[in-house]
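Reader: I have a protein open here and would like to go through it. Can we start with the basics?

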Amino acid sequence: MKPRVMSLVIFTCVVGLLIAPKDINFFNAAISLLSVALGAGAAGTLNMWYEADVDALMQRTCLRPIPTGKVTKKQALIFGFFMSIFSVTLLYFFSNFLSAIILLITILFYVIIYTVWLKRRTPQNIVIGGAAGAFPPLIGWTIATNEISLLPILLFLIIFFWTPSHFWALSLFKSEDYKKANIPMLPVTAGIYSTKKNILVYAFLLFFVSLTPFFFGYLGNFYLFSSLLLGTYYVYLCLILLLKKNSEDEKKYAKSIFFYSIIYLFLIFSIILIDNIILKYV
């Protein structure tokens, strides 16, 4: 169920729920978040069911449950399918129809659009498919409000524009894995330098998109200064990567960007939550 990936998904969902202008009782909130976690895990399970053949070829994924024989493909399919239905149904009963529909769209988008349709066909797989990972703050918001507004859409866009640089950095230092599995990630199809340029472009886009909650008046100066600082360092790392010529240096900075990007997303959403509290109570 990819619990490490799930943890960041749930955290962004929690932030979306907590900054929403309406309150929800603790029990319903807890069950709703559990539903989102189960839905994310179900999507991850179905992803590993479909990709079991390529997972077995890649060093990064060869120790997953299906390639190692701990779980059969049939077991993964049955578990993922029924857990998807259960998570959406649970969210509907403890939250609302809108939240359940968005969770269902998230699961279907990740499994069908990204995993089945895009991943093995286009190097833009992670750009389009990345939308699946951007839905959780929107789900969190709708759990509390039963409606969609601009702020959760801006949070969606932050994750959406964060995703390409995050995964392309990973693909740079794991390019041999993707080549072996015949997955058309950008370094395999367009080369290292083109990938580095695209990483920098998306880092710049992320930098400007991350400022939008401030300029639309949703967040204050603490968020502005923090996002400027975090975003500037992100762009700096990506610029240094672009300028590096040595393959070992490229891998070193690609790893730095990959791990910093995880920290970046955690911090930016933490700051969104803190700034929201400051604006409400200080």
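Reader: How many helices and strands does the protein have?

Author: The protein has 14 helices and 0 strands. Helices (H or I, at least four residues) and strands (E, at least two) are DSSP runs, numbered from the N terminus. This is a predicted model, where local features need pLDDT of at least 70 and side-chain atom pairs count only at pLDDT 80 or more, while totals for chains, interfaces and linings use all residues. Residues are numbered from 1 along each chain as its sequence is written, and side-chain values use heavy atoms, with hydrogens and water left out.

Reader: Why is it called as compact as a globular protein of that length?

Author: The radius of gyration of the protein is 19 Å, close to the 19 Å that the globule rule gives for 282 residues, so the protein is as compact as a globular protein of that length. The radius is taken over C-alpha atoms, and the rule is 2.2 Å times the number of residues to the power 0.38. Along its principal axes the C-alpha trace spans about 50 × 45 × 25 Å.

Reader: What share of the residues is buried?

Author: Buried residues make up 54% of the 282. Buried means under 20% relative accessible area, exposed over 50%, and partly exposed in between (1.4 Å probe, protein chains only).

Reader: New topic. How many disulfides are there?

Author: The count comes to 0 disulfides, a disulfide being a pair of cysteine sulfur atoms within 2.5 Å. As for single cysteines, C238 counts as buried because its relative accessibility is 0%, whereas C62 is partly exposed at 28%.

Reader: And M58, where does that sit?

Author: M58 is in the loop between helix 3 (52-55) and helix 4 (73-94). With 2% relative accessibility, M58 counts as buried.

Reader: Which residues is M58 in contact with, leaving aside its neighbours within four places in sequence?

Author: Those are D177, Y178, A181 and I183. Contact means heavy atoms within 4.5 Å. The C-alpha atoms of M58 and F26 are 42 Å apart, with their positions 32 residues apart along the chain.

Reader: What is the phi of N146?

Author: N146 has a positive phi of about 60°, although it is not a glycine. Most residues other than glycine have a negative phi. N146 is in the loop between helix 7 (136-145) and helix 8 (150-173), and its relative accessible area of 44% makes it partly exposed.

Reader: What about K2, buried or exposed?

Author: K2 counts as buried, at 17% relative accessibility. K2 is in the segment before helix 1 (3-18), and its phi, near 50°, is positive too.
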